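Here is a short briefing to read alongside the model on your screen. It goes through a sheet, some charged pairs and some ring contacts.

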Amino acid sequence: MIMSFIRKQFIDVIQWESPDEHTLVWRFPIADQEIQNGASLTVRESQMALFVDEGKTADVFSAGRYTLNTQTLPVLTNLKNWDKLFQSPFKSDVYFFNTRQQIGKRWGTAQPVTVRDADFGVVQLRSFGMYSYRIADPAQFFKEISGVVESYTGEQLEAQLKNIAMTQLAAAFGTSGVPFLDMAANQVLLSQKMTELLKPEFAKLGLALENFTVESITLPENVQQALDARMSMNVIGDMSRYTQYQTATAIPMAAQNEGGMAGMGVGMGAGVAFGQAMAGAMAGAQPQAVSSAAAQDHQAKLTQLKTMLDNGLISQADYDSAKAEVLKQLIG
């Protein structure tokens with residue numbers, strides 16, 4: 001019993017045998033025990049170890065096997081004022097850090113981010129994507145993030161990292177000088193800009209940002225609807241030509257409906273007149289210009305009707321009836 005008790009007071013092997021992939025920091029359980037001078041420290045690949053003396057960071061070890069003494073613990077030796085021949089057991093906290101790359105972490109805007117845009121002025125954007133990181137500086141991470149804990153997980157850290165990303169997202173749009181439409185079409189450019197802004201922010205926490213991607217950038221629904229309407233107008237272009245196109249495509253369909261071409265004639269004339277008037281108003285045209293355009297359009301319809309008759313698309317009766325309606329509107 002006495003020998004067993006004595007053995008429990010001294011630690012001669014320090015290692016993190018079964019690390020959890022989600023745990024970033026793990027404190028080796030020392031309790032009231034002391035570390036034997038000459039003890040063995042084993043640090044596996046994707047790990048680093050940090051000695052902490054009364055809350056002060058000391059020596060850092062990368063992957064490898066070490067014999068602990070004053071030569072391998074120079075910082076701790078200095079903190080404790082040991083001489084080079086110090087041989088006694090000592091107390092110190094030992095923290096292991098998981099330096100494996102933490103991949104597939106998602107980020108997104110819980111609330112829209114307000115930014116200034118060259119095309120739309122002040123807009124609110126939503127965006128989301130993925131990122132990956134690793135612990136690069138255990139001492140810095142201990143000071144800024146984990147502190148004196150038994151363990152610290154990635155889940156505890158991710159909320160803070162997402163907030164940092166959201167802050168820099170507004171800065172990325174604001175300093176890039178690239179309008180939203182171009183940025184949305186080139187998400188690689190935004191990803192590169194975000195990586196440039198985030199790397200120093202991650203480094204302040206002892207982290208290395210390995211990858212940051214933007215998968216989507218969207219506008220609020222009302223702004224997107226206005227943008228869709230604007231794009232539609234750009235596609236339509238000349239309103240008068242658009243009206244003529246609609247009328248031309250409606251003739252074969254009307255010929256198959258009840259009333260045939262005769263029923264279509266009145267509606268067609270009214271629709272064209274309205275369309276020409278609308279196009280004239282948009283261009284600042286005078287009423288005389290509208291009448292002239294309507295007359296030209298009626299003449300074009302007569303030519304179109306004759307072509308359809310010659311091609312057998314309508315009957316002679318339909319042609320005669322529609323022609324009479326068009327001439328009536330043209331002559332008044």
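Five strands make up an open sheet, in the order β5-β4-β7-β2-β11, and their pairing is antiparallel. Please keep in mind that this is a predicted model. A search of the whole structure also turns up six salt bridges, and the structure holds 13 aromatic pairs.

**The sheet**

- The edges of this sheet are formed by β5 (56-61) and β11 (151-153), each of which pairs on one side only.
- On average, neighbouring strands of the sheet are turned by 20 degrees against each other, with direction ignored.
- Strand β4 (residues 47-53) and strand β7 (residues 93-98) run antiparallel and are joined by six bridges.
- If you would like a place to start looking, Gln47 stands opposite Asn98 in β7.

**Salt bridges**

- In general, side chains of opposite charge can pair when their charged atoms come close.
- Glu215 forms a salt bridge with Arg106, and the closest N and O atoms of the two are 3.0 Å apart.
- This contact links distant parts of the chain: Glu215 belongs to strand β12 (residues 207-218) and Arg106 to strand β8 (residues 102-108), 109 residues apart.
- Glu215 is partly exposed because its relative accessible area is 35%, and Arg106 is partly exposed because its relative accessible area is 40%.
- Arg134 and Glu210 meet through their side chains in another of the salt bridges, at 2.8 Å from N to O.
- Here too the pair links distant parts of the chain, with Arg134 in strand β10 (residues 121-135) and Glu210 in strand β12, 76 residues apart.
- Arg134 has 26% relative accessibility, so this residue counts as partly exposed; Glu210 has 36%, so Glu210 counts as partly exposed.
- Lys204 and Glu201 also meet in a salt bridge, and their N to O distance is 3.4 Å.
- Lys204 is partly exposed, with a relative accessible area of 49%, and Glu201 is partly exposed as well, with 24%.

**Aromatic pairs**

- Among the 13 aromatic pairs is the one between Phe51 and Phe61, which is edge-to-face, with 5.6 Å from centre to centre and 65 degrees between the planes.
- That pair links distant parts of the chain, as Phe51 lies in strand β4 and Phe61 in strand β5, ten residues apart.
- Are these two rings buried or exposed? Phe51 is buried, with a relative accessible area of 0%, and Phe61 counts as buried at 5% relative accessibility.
- Tyr131 and Phe202 form an edge-to-face pair too, with centres 6.5 Å apart and 80 degrees between the planes.
- This contact joins a strand to a helix: Tyr131 is in strand β10 and Phe202 in helix α6 (residues 187-203), 71 residues apart.
- Tyr131 counts as buried because its relative accessibility is 3%, and Phe202 counts as buried because its relative accessibility is 2%.
- There is also a cluster to look for, in which ring pairs link Trp16, Trp26, Phe28 and Phe96.

**Tying the topics together**

- Strand β4 appears in two of the topics above: six bridges join this strand to β7, and its residue Phe51 is part of the ring pair that reaches Phe61 in strand β5.
- Strand β12 holds Glu215, the partner of Arg106 in strand β8, and also Glu210, the partner of Arg134 in strand β10.
- Strand β10 carries Arg134 as well as Tyr131, whose ring partner Phe202 sits in helix α6.

How values were computed: Residues numbered from 1 in each chain as written. Predicted model: local features only at pLDDT ≥ 70, side-chain atom pairs only at ≥ 80, totals over all residues. Heavy atoms only, no water. Pairing = 2+ DSSP bridges. Helix = DSSP H or I, 4+ residues; strand = E, 2+ residues; numbered from the N terminus. Axes fitted to C-alpha atoms, helices over the stretch in contact; angles between N-to-C directions. Salt bridge = Lys/Arg side-chain N within 4 Å of Asp/Glu carboxyl O. Buried < 20%, exposed > 50% of the residue type's maximum accessible area, 1.4 Å probe, protein only. Phe/Tyr/Trp six-rings, centres within 6.5 Å; stacked < 30°, edge-to-face > 60°.
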